[in-house]
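Trainee: Please show me the model. I would like to go through it by question and answer.

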Amino acid sequence: GREAKLQLVQRHVRAFPDFPKKGIVFRDICPILKDAAALKAVIDLFEEHVRNNHQHVDLIVGLDARGFLFGPLLAQRLGIGFVPVRKKGKLPGATVSVSYDLEYGKAEAEIQEDAVAPGQKVLLIDDLLATGGTLYAASELMRKQQAEVLGCMVVIELKELNGTDKLKPHRVFSLIQY
Ligand code: PRP
Ligand code: ADE
């Protein structure tokens, strides 16, 4: 059932204090990837959420880099396509970009100009929500391209950083909260 799957996922997240900087507790999802059942549970839970909450989704939009680990698996499961939002300078051709702040730094996010069409309905996916800066940047890219963000999905949500406030009015679905 759902509870057993959530517990399986939870058991496959490790905490590393003071990485990559002092004061940050880094939540490592690599054990999920290494365990076939835990990874399947993540995709099962995401799929269930999408099927229960969204009638029609055109694309899954995933964040560089760890959103790429889950996004294409979910998109494939749903029978739809995947679009990568990358860090600046990695994508060829015409691009659209936006800069943003992180829990531990600053970065710039970019998509290919033709990645999404006006009016397309998309779900944003990443491994983890901290300040919300990364997912907010992705939502800004979608706004610029006139795509409709149906919601955000993450494996882990760090509650104390209030990332969900930054993402309003977009809804955030998370599997694990700290
Ligand atoms: C991490 C994480 C999220 C983001 C969350 O990625 O994978 O994408 O930070 O933080 P925020 O909510 O404060 O924006 P990071 O930028 O460290 O890059 P990586 O995926 O390349 O490791
Ligand atoms: N990205 C931003 N904050 C993070 C954290 N505490 N653990 C893992 N990834 C992160």
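Mentor: First, a definition: a residue is buried if 20 or more other C-beta atoms lie within 10 Å of its own, exposed if 12 or fewer, and partly exposed in between, with C-beta atoms placed from the backbone. This is a predicted model, where local features need pLDDT of at least 70, side-chain atom pairs count only at pLDDT 80 or more, and totals for chains, interfaces and linings use all residues. Residues are numbered from 1 along each chain as its sequence is written, and chains are lettered from A and ligands numbered from 1 in the order in which they are written.

Trainee: Is Gly1 buried or exposed?

Mentor: Gly1 sits in the segment before helix 1; helices here are DSSP runs (H or I, at least four residues), strands likewise (E, at least two), numbered from the N terminus. Gly1 has 5 C-beta neighbours inside 10 Å, so the verdict is exposed.

Trainee: How are helix 1 and helix 3 oriented to each other?

Mentor: Helix 1 (residues 2-10) packs on helix 3 (residues 36-53) at about 125°, axes 9 Å apart. Axes are lines fitted to C-alpha atoms, for helices over the stretch in contact, and angles run from 0 to 180 degrees between N-to-C directions. Angles under 35 degrees count as roughly parallel, over 145 as roughly antiparallel, 65 to 115 as roughly perpendicular and the rest as oblique. The pair is therefore oblique.

Trainee: Which residues does Val155 contact beyond its neighbours within four places in sequence?

Mentor: Contact requires C-beta atoms, placed from the backbone, within 7 Å. By that test, the partners of Val155 beyond those neighbours are Val9, Ile29, Val42, Phe70, Asp127, Leu128, Leu175 and Ile176.

Notes. Two residues are in contact if their C-beta atoms, placed from the backbone, lie within 7 Å.
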